[in-house]
Amino acid sequence: MTPDWIGAFFVGLIGAGHCIGMCGGIASVLSMGKHSRQNSFVIPIYYNLGRLLSYAFIGALIGGTVSSLAQVSAFNGLLIWLRLLAALFMVLLALYIGKWWHGLLFVEKLGQKVWEHISPLGQSILPLKSPVHAFPFGLIWGWLPCGLVYSTLTWSAVSGSWINGGLIMLAFGLGTLPAMLTVGFGASFIKKLQQSPLFRQTGAVMILMYGLFTGYHAFAML
């Protein structure tokens with residue numbers, strides 16, 4: 001287990017309040033209706049399994065692609081500059097989680113054009129004909145533009161391999177899982193915890209310190 005895996009998990013855990021805002025409504029919609037109410041326990045599980053698999057795939061794709069480019073070009077300095085970019089995103093993420101500055105939301109807009117072409121696939125699955133259909137729905141919704149996802153993907157980019165890239169994103173997804181499952185099951189304790197200023201700002205300071213440390217280490221390598 002690497003520090004990046006642990007860091008990605010806590011980013012998901014601390015920032016899951018953002019996930020509730022973006023995906024919580026979707027999880028609730030999946031649990032509506034007569035058919036869905038009869039399967040209200042398994043539908044959130046299928047949905048989140050699909051979502052986590054999407055995260056892992058995206059992380060593996062980014063991590064593998066960047067590491068391959070670095071090897072082919074024999075330009076290891078590329079990874080150092082990308083680590084600086086990852087450090088910058090960690091700082092932006094910390095500022096967003098602490099509610100000190102919301103500049104990270106501008107990054108989300110970069111993925112809106114792609115999402116416009118992907119989202120109709122998910123909408124075509126609704127209403128669910130079977131609880132199992134929540135799984136492919138989660139696969140599609142894992143591509144929803146999200147500043148938290150984009151920030152963690154920068155870690156995957158400098159992870160050095162497709163395996164580490166996928167595991168970093170999987171760890172992030174597991175961090176969001178408690179909040180997302182409780183939304184699907186109608187619980188509120190985790191949501192209240194995510195909204196706690198002390199919880200958010202403590203986590204934000206930790207991420208900020210890790211981001212600054214990562215940036216300092218990258219500068220030292222340069």
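Ile6 counts as partly exposed, because its relative accessibility is 38%, between the 20% limit for buried and the 50% limit for exposed. Ile6 belongs to helix H1. This is a predicted model. The protein has 12 helices and 0 strands, and buried residues make up 49% of its 222 residues.

**Surface**

- Ile6 joins Phe9, Phe10 and Leu174 in a nonpolar patch on the surface.
- Together these residues have about 320 Å² of accessible area.
- Helix H1, residues 3-14, gives the largest share of the patch, with 3 residues.
- The protein as a whole exposes about 11100 Å².
- Carbon and sulfur atoms supply 73% of that exposed area.

**Two buried residues**

- Ala94 sits in helix H5, which covers residues 77-97.
- Ala94 is buried because its relative accessible area is 0%, and the cut-off for buried is under 20%.
- Leaving out residues up to four places away in sequence, Ala94 touches Trp100, Ala204, Ile207 and Leu208.
- Ala94 and Met206 are 112 residues apart in sequence, but their C-alpha atoms are 8.0 Å apart in space.
- Ser151 lies in helix H9, residues 147-157.
- Ser151 is also buried, because its relative accessibility is 2%, again under 20%.
- Beyond its neighbours within four places in sequence, Ser151 contacts Phe89, Leu93 and Leu104.

**Helix H12**

- Helix H12 runs over residues 197-221 and has 25 residues.
- At 1.5 Å a residue, helix H12 should span 36 Å.
- The end C-alpha atoms of helix H12 are 36 Å apart, so the model agrees with the expected span.
- The buried residues of H12 are Arg200, Gly203, Ala204, Ile207, Gly211, Thr214, Gly215 and Ala218.
- Here is a general rule for reading such a list: an α-helix has 3.6 residues a turn, so residues three or four places apart point the same way.
- Two of these buried residues, Ala204 and Ile207, are among the contacts of Ala94.

**Overall fold**

- Read along the sequence, the pattern is α-α-α-α-α-α-α-α-α-α-α-α.
- Of the contacts with a separation of 6 or more, 81% join residues 24 or more positions apart.

**Confidence**

- The mean pLDDT of the protein is 82.
- A pLDDT of 70 or more is reached by 81% of the residues.
- Among the elements, helix H8, residues 134-141, has the highest mean pLDDT, at 91.
- Helix H3, residues 34-38, has the lowest, at 53.

How values were computed:
Residues numbered from 1 in each chain as written. Predicted model: local features only at pLDDT ≥ 70, side-chain atom pairs only at ≥ 80, totals over all residues. Heavy atoms only, no water. Patch = residues over 30% accessible without salt bridge, like charges linked within 9 Å, V, L, I, M, F, W, Y side chains within 5 Å. Areas by Shrake-Rupley, 256 points an atom, 1.4 Å probe, with all protein chains shown as cover. Salt bridge = Lys/Arg side-chain N within 4 Å of Asp/Glu carboxyl O. Helix = DSSP H or I, 4+ residues; strand = E, 2+ residues; numbered from the N terminus. Buried < 20%, exposed > 50% of the residue type's maximum accessible area, 1.4 Å probe, protein only. Contact = heavy atoms within 4.5 Å. pLDDT = per-residue confidence, 0-100. Expected span 1.5 Å × (residues − 1).
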